[in-house]
Each structure stands twice: as structure tokens, then as C-alpha cells.
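Here are some notes to read alongside the structure. Keep the 3D view open and look up each residue as you go.

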Amino acid sequence: MNGGGAGEGSDGGGRDSRAPAGPDLAERKMRFLFQLRSRGVTDPRVLAAMEQIDRGAFVRGHFADRAYEDTPLPIACGQTISQPSVVGLMTQALAPGPRDTVLEIGTGSGYQAAVLAALCRRVYTVERHRPLVAEAEALFERLRISNITARLTDGSFGLPEQAPFDRILVTAAAEDPPGPLLAQLKIGGIMVVPVGQSDAVQTLIRVSRTETGYEYEEMRQVRFVPLVEGLGQG
Ligand code: SAH
């Protein structure tokens, strides 16, 4: 009821109208890419993947008209789709190659998995909420993305039956990089993971596995939902 008038696209408030407002779709998408670049996403392969994968397909309901804003948004099961610039920066830090097999922890909306799938050979993505897995699988099928396998499982333990992985991306915050995930990384592999107390600002860490151990590099402050043990209810 309160979305009338010729409003601008973004008001930052709780506007619940889905009426088109502000710039048209093509212009919103252009701004989306411009904003990614201005926030440090400069890798041309990552930008091309994020141009190709339409974030609008992964955001539903009240928030659909905000899909091209650089902001995290609520999805089902009380979770969030990450901020696009953070998706871009994490993907860039992960540097997935075209022949890589990547494990993502925290499917959520499926957006990050789809971006990864545009850049590598195969993505395994795991999620603890059954409805999110089902919705993401349906979406991958509708978008004809065939190199993603989504599984309902507690990602703290990784996916031992498909290990080791060239790259691992964790999209929920852990207190420390989980041991099973470190173990499932190939030598020469890279893991990107937000580390810190849940409900606080966390630090994004890039872990590289070498012949002799692991190297840790702190990247930037981020804020993710926590990595929670066990499967979700429903
Ligand atoms: N990558 C997602 C955003 C994820 S939000 C996207 O692109 O939309 C983090 C997700 O991690 C949530 O969906 C949450 O349910 C999931 N999660 C939290 N702990 C988990 C665990 N132990 N195993 C698997 N998924 C987990």
C-alpha cells in the first residue's frame, strides 16, 4: 500500500511494494556491475560470471526489487543471500580455475554456487536446511545449470565422499576454519572462510594448503550468519 508514487529505486527502508520503481532493469544491472567494480571486484572472469548469473532469479517476494542493490537480503529459513560485492570479493580470492572442483558450505539461495559454477568444472554445495536445498536445486534446473550438486548435510564435516577439493568456500562464519575442511583441501588448494564469533564482525581468511602445511592470510571484515552444527528443522 505504501509504495506508490514515482519513487527512486532504493530507499533503504521497509518498502514492501513490488511495483517497478526507479531505473529500468537494464540500468539497474549496469549499476550493479559498476558497484561491484567500485568495491574492488576487478577480476574480469568474476565480473563476467556475475553479469551472466542474474541475482534477480535468487531473490523472491518482498525483496525481489532490491536484487541489484549491493546489500544482503533475507531468504527462507531465516538465512540471507550475501552482499554481491562480498560474493565477488570471495570468488576473486578463491580464484577458481576452469578445471577445478569446488565445495561450497552454505547453499542458501544458490546464488554463490551459480557464480562459482560459471567459473569452474563442478560445484558441490551443502546446506543444513532442507527447503533451501530443494529451492536451489529447482532453480539450477530452471536456469539449466548442470554442474552443481546440492546436498543436505552438515557442512562442518565437508563432503568426504567427494574430497579432496581444489577450492573450498565457506559462506557461514566459523570460530576457526573447521578441521575436516582443511583436511579436504588439495595441496595447492585454497579455502576462503569467514572466521570469528557469530553475531559479531568476522574476518575473512584465505587459507592456502602447501606441501608442508597451511598459510593463512587475513583479508577484510565481513558479517555472515553462523555455521551451525546439525541439520535444520524442516
Ligand atoms: N551462499 C549463500 C548464502 C549463504 S547464508 C547464497 O549465495 O545465497 C549461509 C548459509 O549457510 C545458510 O543458508 C545456512 O543455513 C547455511 N549453514 C549454516 N551452517 C551450516 C552447516 N553446518 N552446514 C551447511 N550449511 C550451513
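The points below cover the ligand, the largest pocket, a pair of strands and two spots in the backbone.

1. Before anything else, please keep in mind that this is a predicted model. The values in this note were computed from it.

2. Start with the ligand. Which residues are the closest to it? They are Ser 109, Glu 127, Asp 154, Gly 155 and Val 228, out of 27 residues that surround the ligand.

3. Next, look at some polar contacts of the ligand with the backbone. A ligand nitrogen atom lies 2.6 Å from a polar backbone atom of Val 228, and a nitrogen atom of the ligand is 2.7 Å from a polar backbone atom of Gly 155. At Gln 112, the partner of a polar backbone atom is an oxygen atom of the ligand, at 3.0 Å. How much of the ligand's accessible area does the protein cover? On its own the ligand has 580 Å² of accessible area, and the protein covers 100% of that.

4. Now turn to the largest pocket, which holds about 380 Å³ of space. It is lined by 30 residues, and Gly 106, Glu 127, Thr 171, Ala 172 and Val 225 are the closest to its centre. You have met Glu 127 already, as one of the residues closest to the ligand. By type, the lining has 12 nonpolar, 14 polar and 4 charged residues.

5. Where in the chain does this lining come from? At least two lining residues each are supplied by β2 (80–81), β3 (101–105), α4 (111–117) and β4 (122–127).

6. For a piece of sheet to trace by eye, try β8 (residues 202–209) and β9 (residues 214–222). These strands run antiparallel and are joined by 8 bridges. They form a hairpin, with 4 residues between the two strands. To line them up, find Thr 203, which stands opposite Gln 221 in β9.

7. Finally, two backbone details deserve a look. The peptide bond between Ala 163 and Pro 164 is cis, with omega at about 0 degrees; Pro 164 sits in the loop between β5 (148–152) and β6 (165–170). Ala 95 is not a glycine, yet it has a positive phi of about 45 degrees. You can find Ala 95 in the loop between α3 (84–94) and β3.

Technical notes:
Residues are numbered from 1 along each chain as its sequence is written. This is a predicted model: local features need pLDDT of at least 70, side-chain atom pairs count only at pLDDT 80 or more; totals for chains, interfaces and linings use all residues. Side-chain values use heavy atoms; hydrogens and water are left out. On a 1 Å grid over the protein atoms alone, a cavity is a set of points where a 1.4 Å probe fits but cannot get out, and a pocket is an open set with protein on both sides within 12 Å along at least five of seven lines; lining residues have an atom within 4 Å of a point. Grid points are joined across faces, edges and corners, and a volume is the space filled by probe spheres set on the points. Ala, Val, Leu, Ile, Met, Phe, Trp, Tyr, Cys and Pro count as nonpolar, Asp, Glu, Lys and Arg as charged, and the others, Gly among them, as polar. Two strands pair if DSSP finds at least two bridges between them. A residue is near a molecule or strand if one of its heavy atoms lies within 4 Å of it. A polar contact is a pair of N or O atoms within 3.5 Å; within protein, one must be able to donate a hydrogen and the other to accept it, and residues adjacent in sequence count only if both atoms are side-chain atoms. Accessible areas come from the Shrake-Rupley method with a 1.4 Å probe; for residues, only the protein chains shown count as cover.
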